[in-house]
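Welcome, and please take a moment to look over the structure shown here. A short tour of some of its surface and helices comes after it.

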Amino acid sequence: MIAGPRLRRLLLALHLACSVGWIGAVCAYLALAFAVPATDDPAVIRAAWIGMELVGWWAIVPLALAALGTGVLTGAVTRWGLLRHYWVVVSLVGTVVLTAVLVLHMPDVSTHADRARTAGEQELLAMGSDIAHAVIGVVLLVGILVLNIFKPRGLTRYGWRREQRERARAQGARTWPA
Amino acid sequence: MAPEDRPTGPPAGESPPPVPSWVKYLLLGLATAAVLAVLVMLLVGGDHGPGRHLGSLR
């Protein structure tokens with residue numbers, strides 16, 4: 001089913017808001033992650049870990065799920081489809097993998113945040129941070145964003161078969177006697 | 001994915017189009033990055049990997 005232009009624009013607006021919001025939330029997480037090795041104040045380390053847990057569960061995870069949901073919906077109700085064009089397939093697979101890793105990683109963040117809540121000063125100063133995950137996440141998310149803007153050409157085999165079928169159907173309709 | 005940017009139809013042909021070169025380069029780049037990441041983890045040490053994340057589900 002191909003949706004009308006109003007619904008398509010609404011979905012696109014929601015998808016853009018969620019996707020760009022996801023990148024922004026990971027940047028906020030990254031700022032907190034960088035605060036840990038940059039300070040020798042245990043209170044800042046405790047606050048940073050608690051902040052990372054809150055930003056992760058209440059901003060990054062909901063925005064990731066919303067970006068995935070609105071992206072799938074947008075693809076399903078437009079002519080782009082979900083499996084017709086390589087750039088859509090790459091974006092979809094990348095988003096699914098990133099969301100899965102995020103959801104699997106967040107319990108680890110909660111464990112660290114719980115530890116930070118009760119840890120003594122020496123233990124807090126010995127705690128590591130979580131910079132690598134956030135950096136990799138931002139790089140891949142920006143990569144997917146660039147792919148979505150440039151939309152490089154390339155039909156998948158499935159997309160090509162669909163186009164051939166639609167072309168044949170259109171030709172049949174044109175040659176149908178009135 | 002702007003609805004105004006409509007997909008352009010493929011050139012008519014009998015056989016499916018080949019995998020675009022940008023997809024090949026992208027896959028090559030991702031595979032190289034993954035191999036490098038595994039090598040760094042092996043050389044530096046540590047317990048990082050997908051199993052670590054799955055551990056929290058058990």
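The report below begins with how the model is described and then visits chain B and chain A.

This is a predicted model, where local features need pLDDT of at least 70, side-chain atom pairs count only at pLDDT 80 or more, and totals for chains, interfaces and linings use all residues. Residues are numbered from 1 along each chain as its sequence is written, chains are lettered from A and ligands numbered from 1 in the order in which they are written, and side-chain values use heavy atoms, with hydrogens and water left out.

Let us start with chain B, which has two helices and zero strands; helices (H or I, at least four residues) and strands (E, at least two) are DSSP runs, numbered from the N terminus. Of the 58 residues in chain B, 16% are buried. Here buried means under 20% relative accessible area, exposed over 50%, and partly exposed in between, with a 1.4 Å probe and protein chains only.

Three residues make good landmarks:

| Residue | Helix | Relative accessible area |
|---|---|---|
| A:Ala28 | helix 1 (residues 5-38) of chain A | 36%, partly exposed |
| A:Arg165 | helix 6 (residues 157-175) of chain A | 47%, partly exposed |
| B:Leu43 | helix 1 (residues 21-44) of chain B | 74%, exposed |

In chain A, the C-alpha atoms of A:Ala28 and A:Ile60 are separated by 9.6 Å, and these residues are 32 residues apart along the chain.
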